[in-house]
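Student: Could we go through this protein together, one question at a time? I would like to see how each answer is reached.

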Amino acid sequence: MKLDVNALRYLSKDDFRVLTACEMGMPQHEIVPAELVDRIAGLKHGGTYKVLRNLLKNKLVHHDCKKYDGFRLTYLGYDFLAIKTLVNRGVFASVGRQIGVGKESDIFEVATEDGTVLAMKLHRLGRTSFRAVKSKRDYLAHRRSFNWLYLSRLAALKEFAFMKALGDHGFPVPTAVDCNRHCVIMSLVPGYPLVQIRELQNPDDVFDKILGLVIRLAEHGLIHCDFNEFNIMIDDDETVTMIDFPQMVSVSHRNAQMYFDRDIGCIYKFFNKRFNLTEKGGQDGSETDDDDSGRPSFLSIQKSSGALDKELAASGFTKKEQVEIEKFIDENAEEHDSGSDDEDSTSEQDSEGGDAVSAEISSLKIDPAGVPDLVVMDSDKHETLSKEHATSTSPSGENKSTDPADDGIVDPKGAESGGDDDDDSSEDTEDEDDALLTKQLNKQRKRAMAAALGRRRPLNSRNAYKDKGKGTMNSKIQRQACQW
């Protein structure tokens, strides 16, 4: 959206009060209800609705009445709030022309009261050309829902923090002045983007300076991730200044080596294409240990000059994210190692009838309610113990346990030591029921294993839903049958 500050001088205090009310309601509402805006603004005699009509006329808010009557801030309204705050602070007094535009920001000239020209960068995430911010950047962290204005604010805060820290450590970056919402104020760099430069007096020296910046950033624990000809400024004296820092990550990031190699590759590709500079002639091999291709190696860089990623909590270095990354790597490694084992185990289950299932899931307890006999699986043989021999039935119909193992689960060792007589007496019955019981238990174990591994949902009774509720016809029939 084009920034037109002419309407800013005609806005009153009530207008900014209503804009602030919309901003305060947006964290909880995608479309802020009109009643909530009126309640937060607190204007008398219904003045909020009159102000909202004026803001709609200037396109500072957007009206939506599909689900309910509500409003939301536009980027222009968010710009006016940030500019008004910075002007009240005395950071600048006037806004000039637009000097740059990118896929996620607009840059304007601003001037202070004494005439000093500064640069104002307005972050505008969510444009059509760059809508994959949620997957490509870590602004959201653990959050699921997001708002483009909120993402722009996070990007501005992150860039201001990186710019200020890099400037304090002597890196050639613009001087960070102030930040508010999605607006960052910095010093104006006297130069041109490297992509607009056609000739250089000393391309080799400029190439060495740029490579040195990438290596020096890595030594301080940071990687730019977007270090190309569009984010490098060159002045008339061929002084290099780097810009654009919201996407910087730590060297501890899991993709740090890929980002580092990509930045180095962009520099080599541009200088080779624009200035016909070969890889051997464009770098000093004494600074870093280069790999076989002649380019700086990420593994040879020693992080000894400081820890900016610790100070700034760069992406990939916070304790919580570092633990999550380690868990993710370990789980992937375990899944990769156990993937073949799972395939082998499933094939053995199909071929041998489920003999290896009990060895893999030793801690899984299966309810033997619907099974007459319980089979205890051993590594060498199958041993069965019938419940009819383990319990004696009294005339009153109560089962009295004659075995210390009341739950029906028999230890193989105990079965061998204390149950020899019972096994000898029940050999004939066990041989007849062994095949049927083994088949039923293996089928239960397969279902339990599939449910535990998440591969298959456990099978429930088809008529289970009929017993739910007290007003169904089936439940009434059952109650009448019980009374009869």
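Student: Which residue in E12 is the bridge partner of Ile232?

Tutor: Happy to start there, keeping in mind that this is a predicted model. Strand E11 covers residues 232–234, and three bridges join E11 to E12. The two strands run antiparallel. In E12, the residue bridged to Ile232 is Met242.

Student: What is the order of the strands in the open sheet with E11?

Tutor: Look for the edges of this sheet. Strand E9 (192–193) and strand E12 (240–242) are the edge strands, each pairing on one side only. The sheet is open and has three strands with antiparallel pairing, in the order E9-E11-E12.

Student: Which residue of E3 stands opposite His62?

Tutor: That takes us to another open sheet, in which three strands follow the order E1-E3-E2 with antiparallel pairing. Its edge strands are E1 (32–33) and E2 (61–64), and each of them pairs on one side only. Four bridges join E2 to strand E3, residues 70–73. Opposite His62, in E3, you find Arg72.

Student: Is Lys59 buried or exposed?

Tutor: Lys59 is found in the loop between helix H3 (47–57) and E2. Its phi is positive, about 60°, although Lys59 is not a glycine. The cut-off for exposed is over 50% relative accessible area. Lys59 has 58% relative accessibility, so this residue counts as exposed.

Student: And Cys225, is that residue buried or exposed?

Tutor: Cys225 lies in the loop between E10 and E11. Cys225 also has a positive phi, near 75°, in a residue other than glycine. Buried means under 20% relative accessible area. Because its relative accessibility is 7%, Cys225 counts as buried.

Student: How many cavities of 30 Å³ or more are there?

Tutor: Here is the idea behind the search. Rolling a probe the size of a water molecule over the atoms shows where empty space is left. By this rule, the number of cavities of 30 Å³ or more is two.

Student: Which element gives the most to the lining of the second largest cavity?

Tutor: The second largest cavity holds about 40 Å³ of space. Helix H7 (203–219), strand E10 (222–223) and helix H8 (256–274) each supply at least two residues of its lining. With three residues, the element that gives the most is H7.

Student: How many residues in the lining of the second largest cavity are nonpolar?

Tutor: The lining consists of Val214, Leu217, Ala218, Leu222, Ile223, His224, Phe260 and Asp263. Sorting by residue type, His counts as polar and Asp as charged. That leaves one polar residue, one charged residue, and a nonpolar count of six.

Student: What share of the residues in the whole protein counts as buried?

Tutor: Let's step back to the whole protein, which has 16 helices and 17 strands. It exposes about 29,300 Å², and carbon and sulfur atoms supply 48% of that area. Of its 484 residues, the share that counts as buried is 39%.

Student: Of the contacts with a separation of 6 or more, what percentage comes from residues 24 or more positions apart?

Tutor: For this one, a contact means heavy atoms within 4.5 Å. Among contacts in the protein with a separation of 6 or more, residues 24 or more positions apart account for 62%.

Key:
Residues numbered from 1 in each chain as written. Predicted model: local features only at pLDDT ≥ 70, side-chain atom pairs only at ≥ 80, totals over all residues. Heavy atoms only, no water. Pairing = 2+ DSSP bridges. 1 Å grid on protein atoms, 1.4 Å probe; cavity = no way out; pocket = protein on both sides within 12 Å on 5 of 7 lines; lining within 4 Å. Points joined across faces, edges and corners; volume = space filled by probe spheres on them. Buried < 20%, exposed > 50% of the residue type's maximum accessible area, 1.4 Å probe, protein only. Areas by Shrake-Rupley, 256 points an atom, 1.4 Å probe, with all protein chains shown as cover.
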